[in-house]
Amino acid sequence: MAELPIPDLPPARCSGRFTISTLLGMEEGGRGPYTPTEGSSCDSVQPTHLSSSTLCTRTFGYNTVDVVPAYEHYADSKGVGEPRKGRPSLADLHSILKPDPGRLRTPVSDLQQSNGLPEAGPEAGLEEAEGEPGRDSVPEPVRFGWVKGVMIRCMLNIWGVILYLRLPWITAQAGIALTWLIILMSVTVTTITGLSISAISTNGKVKSGGTYFLISRSLGPELGGSIGLIFAFANAVAVAMHTVGFAETVRDLLQEHNSLIVDPTNDIRIIGVITVTVLLGISLAGMEWEAKAQILFFLVILVSFINYLVGTVIPATAEKQAKGFFSYRADIFAQNFVPNWRGPEGSFFGLFSIFFPSATGILAGANISGDLKDPAVAIPKGTLMAIFWTTMSYLVLSATIGACVVRDASGSLNDSVAVGSLGCEGLACSFGWNFTACTQQRSCRYGLSNYYQSMSMVSGFGPLITAGIFGATLSSALACLVSAPKVFQCLCKDQLYPLIGFFGKGYGRNSEPIRGYMLTYVIAVGFILIAELNAIAPIISNFFLCSYALINFSCFHASITNSPGWRPSFRYYSKWAALFGAAVSVVIMFLLTWWAALIAFGIVLFLLGYVLYKKPDVNWGSSMQASSYNMALNYSVGLSEVDEHIKNYRPQCLVLTGPPNFRPALVDFVGTFTKNLSLMLCGNVLIGPQKQKMPESRLMADGHTKWLMKRKIKAFYTDVVAEDLRSGVQMLIQAAGLGKMRPNILVLGYKRDWRTASPQSLEDYVGILHDAFDFKYGVCLMRMKEGLNVSRVLQAHVNPTFEAAEHPENGTGSRAAPGTVDPTTLASEQQASTIFQNKQGKKTIDIYWLFDDGGLTLLIPYLLGRKKRWGKCKIRVFVGGQINRMDEERKAIVSLLSKFRLGFHEVHILPDINQKPRPEHIKRFDDLIAPFRLNDGFKDEATVNEMRQGCPWKISDEEVDKNRAKSLRQVRLNEILLDYSRDAALIAITPPIGRKGRCPSSLYMAWLETLSQDLRPPIILTRGNQENVLTFYCQ
């Protein structure tokens, strides 16, 4: 750990271990953040601004800026007005710390919260009070525990009208045994989902947003956003469904007493709108009032359930016996234990589809995750307890009512007979009732199979069951009315979809989404006024099942990726059970309503496609990212196990761009033929001292990567810090890439200023080409008439005093510029347009395949011609030949190209390639190399080496003479290029190779200059590593 220089201070008395809140202070007045204040002590009653890490040495025994572990270092939020507390950076610990006698101020609030220092005296409190006049304390938001916040809320949402009106009928149809099986199958799905929710919600701090937050932070914004939107909409429509259920019950009561308001349909609309308005008022009053209303509904349902159980043990009256109720009888239980299918819905899966929606609602607690005291504890405990108790209530209800009530009863008191009467059929005969006639005619109005209000008939006091129905419907409507805005608010804040940000604003201490409440209210009223929810109800059930499937899949996917970040504190889950739950949820979607399942999937896929297309700028550390890493790692390792084959050769390019935005044409050119095909690495050499350049490297790397992404270039960016350009490029050549994903071609820009640049930079540039060949790289040089480097234009907008880098055109290094662009500006700057972004039309790509380099000179133009922008260009191949064998040589090359299957059919033989160039062009070449000649007068080699000492780029007379033929070849080739390819879209040519140690760098650059000068189209000088990159064999 880094030690602090100890200033001269009075002796300090340390009372206790210090904490992080007193360890770091705020930098003030430009002074260092860890400098001590003079003349303070640890136990001083005066308000001290000293870091206790400086004065109190009891923890470590010496002064240090290092800190002990603390919660604040890992939390990403802070209170209003509080400074961000953090550990010292690596630079603070690792770099040289300069002592400063200035003051270090630590906020008084930090010192008062510290366990290591006593609370500041009254003067400190006065100072704090004076510093913040009129500041009101922010009231704490209402937070709920697991019982009130999750368990009761989930139980109310799970319980619904099916409990009262359909479960007895399902028991009559399927029998007690199969009814229990239906209940347990449904609960299995919800329990697995509950375990998955528990695992996800305990894997980190859960904020508001409920189901959407859990799925989006686990699977990413694509699936999370789509589910969040449809889940919020489904909850909004579910408000209408539950409200209409309540309104229908009230309407039926009015009909019984002949007290309809208008007519049956409009009464539902009137009652529904009034009811949902009252519920909205409760919601707007705040979560505290909403929770009180839910508790009231919960008590009403409990009372109604107890009332029913009491009714089952009260001896049946004659009226109840006429309707089929005979208290607990073993023979009734035995008869109702087996199924008795009736009607079009009389099948196992038909009844399962009717019952399953009553098992849903387990997400009600998770949906208000932002209002829970500790979501990681409340969601698992409350959800699983709610599933357990509601399951028990369903099982008890089906067993008790199946043991008390027969399937068919007439309801007529005149059907009583003496026990054992002749002509009486059925179980009721043994109890003194003859229901034979209505049973045979299928006209019985009562009994489990015919009377939906059997629970009300059995109960001790019927109106309490009606109150229970009211409580179940209203509580479910209220829970959905709260859930929809909470989920939608989180979705709006994430800004995944356009035009919804308006509804994300929160109000009050609980950040209530009042705008979201109003939107939910409008949607609910709209569907209440339609009053035809039979069509939309299956879609809503499928939306909820979609959420269950994705929650289970989230848990499975996070587990299967083996990400170190997946560490849920809830351990009682299984990834395979989660996968099973996801699959079963999808199956149930199609069992319920196949067309609604298709609609749900269609909407999810549409919203998924939109987010994939927009690519929102969010990073939540989703399991999809972990999965992508796993796949990339496995495939990369797998590649290393496979031997390379020519058929699978790909041009993997290390592009010496420097900062990529400085040379956009070079980036676009390589990006065009490597996109979706091969590796592209943009390399940058930061020239200078490592201490100075390392911060710049860290700062700019992210900005350069974002610039490439914005330009839609699929490439990586990497940089190295080196003392000079050549050593930096050597590092890149040796270290870039991973396994078989390593560059095999070095691409760089042509050095236009080689004649005026420093001799050492010229030597470095040619040395880089030699290094590439030494490491078995192919080389691709690119030259454009207008140049490649646009850094002057870019920097002129940022810093008028910008001085050009020493190597402005070599496509590699960058030195410090006074106006360094920050990453945000870099990524958002206006993109420069280049020729490689335009359609080329019906021009030509001319390939001068002068030397057999393995085929790389042919391959790159071929890959370029496959792209849409270059697709209409005609590719022409030029090769050298003899005038008396032109036809034979042309046929040989055409035959070879056809075997390569490149589709190059236009081949030209150059018979005049060895003709002597025009005298004026020869003179121009001689003038070009004149400043670099040694003029030694053909002295011996030892004398020449002595004269050349300190200037290895100089050309001796002997070297000029020995390479005369090669030099004239370049002059003649330039004449040919100007004759044949003046109007081409692109020229690709095989350049000469200068022998290392025998060809001075200035002579080699003169060859390249002469070969490529005066050409309007871009020219790429491509040289392979003399190994085959093309083959005509199939194995």
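Reader: Let me start with a single residue. Does Met700 count as buried or exposed?

Author: Buried means under 20% relative accessible area. Met700 has a relative accessibility of 8%, so it counts as buried. Keep in mind that this is a predicted model. Met700 lies in helix H26, and its C-alpha is 8.9 Å from that of Pro659, although the two are 41 residues apart in sequence.

Reader: Which part does H26 play in the lining of the largest pocket, and which other elements supply residues to it?

Author: Helix H26 (690–710) is one of the elements that each supply at least two lining residues. The others are helices H10 (221–256), H23 (594–614) and H24 (623–640), together with strands E2 (680–687) and E3 (716–722). H24 gives the most, with 9 residues.

Reader: How much space lies in that pocket, and which residues are closest to its centre?

Author: The largest pocket holds about 2,200 Å³ of space. It is lined by 47 residues, and those closest to the centre are Lys615, Thr705, Met709, Ile713 and Lys714. Sorted by class, the lining has 26 nonpolar, 12 polar and 9 charged residues.

Reader: Two strands are on that list. In which sense do E2 and E3 pair?

Author: They pair in the parallel sense, over 7 bridges. To find one of these bridges in the model, look for Leu686, whose partner in E3 is Val721. E3 is mostly covered, with 5 of its 7 residues buried.

Reader: Now the nonpolar cores. Which residues touch the most other members of the largest one?

Author: The general idea is that nonpolar side chains tend to be buried together in soluble globular proteins. Here the largest nonpolar core has 135 residues, and Tyr164, Ile227, Phe355, Tyr394, Val405 and Ile588 touch the most other members. Apart from that core lies another, of 58 residues, including Cys951, Val971, Ile976 and Ala984.

Reader: What is Tyr394 in contact with, once its neighbours within four places in sequence are left aside?

Author: The contacts of Tyr394 are then Ile158, Trp159, Leu163, Leu167, Ile183, Phe355 and Ser358. Compare another residue, Thr390, in helix H16 (residues 375–402). An α-helix has 3.6 residues a turn, so residues three or four places apart point the same way. With the same neighbours left aside, Thr390 is in contact with Met155, Ile158 and Trp159. Thr390 counts as buried because its relative accessibility is 2%.

Reader: Ile158 brings us to helix H6. How many residues of H6 are buried, and what do they pack against?

Author: In H6 (residues 146–158), 10 of the 13 residues are buried. Among them are Met151, Arg153, Met155, Asn157 and Ile158. The buried residues pack against helix H12 (287–313), H16 and helix H19 (462–494).

Reader: Let me turn to the backbone. What is the phi of Arg442, and what is that of Asn676?

Author: Most residues other than glycine have a negative phi. Arg442 has a positive phi of about 55°, and that of Asn676 is near 60°. Arg442 sits in the loop between helices H17 (436–441) and H18 (454–458), while Asn676 is in the loop between helix H25 (664–674) and E2. Arg442 counts as exposed because its relative accessibility is 63%; Asn676 is exposed too, at 61%.

Reader: Finally, how many helices and strands are in the chain?

Author: There are 37 helices and 11 strands. Of the 1035 residues, 53% count as buried. Among contacts with a separation of 6 or more, 80% join residues 24 or more positions apart.

Note on methods:
Residues are numbered from 1 along each chain as its sequence is written. This is a predicted model: local features need pLDDT of at least 70, side-chain atom pairs count only at pLDDT 80 or more; totals for chains, interfaces and linings use all residues. Side-chain values use heavy atoms; hydrogens and water are left out. Helices (H or I, at least four residues) and strands (E, at least two) are DSSP runs, numbered from the N terminus. Buried means under 20% relative accessible area, exposed over 50%, partly exposed in between (1.4 Å probe, protein chains only). Contact means heavy atoms within 4.5 Å. On a 1 Å grid over the protein atoms alone, a cavity is a set of points where a 1.4 Å probe fits but cannot get out, and a pocket is an open set with protein on both sides within 12 Å along at least five of seven lines; lining residues have an atom within 4 Å of a point. Grid points are joined across faces, edges and corners, and a volume is the space filled by probe spheres set on the points. Ala, Val, Leu, Ile, Met, Phe, Trp, Tyr, Cys and Pro count as nonpolar, Asp, Glu, Lys and Arg as charged, and the others, Gly among them, as polar. A nonpolar core is a set of buried Ala, Val, Leu, Ile, Met, Phe, Trp, Tyr and Cys residues joined through side-chain atoms within 4.5 Å. Two strands pair if DSSP finds at least two bridges between them.
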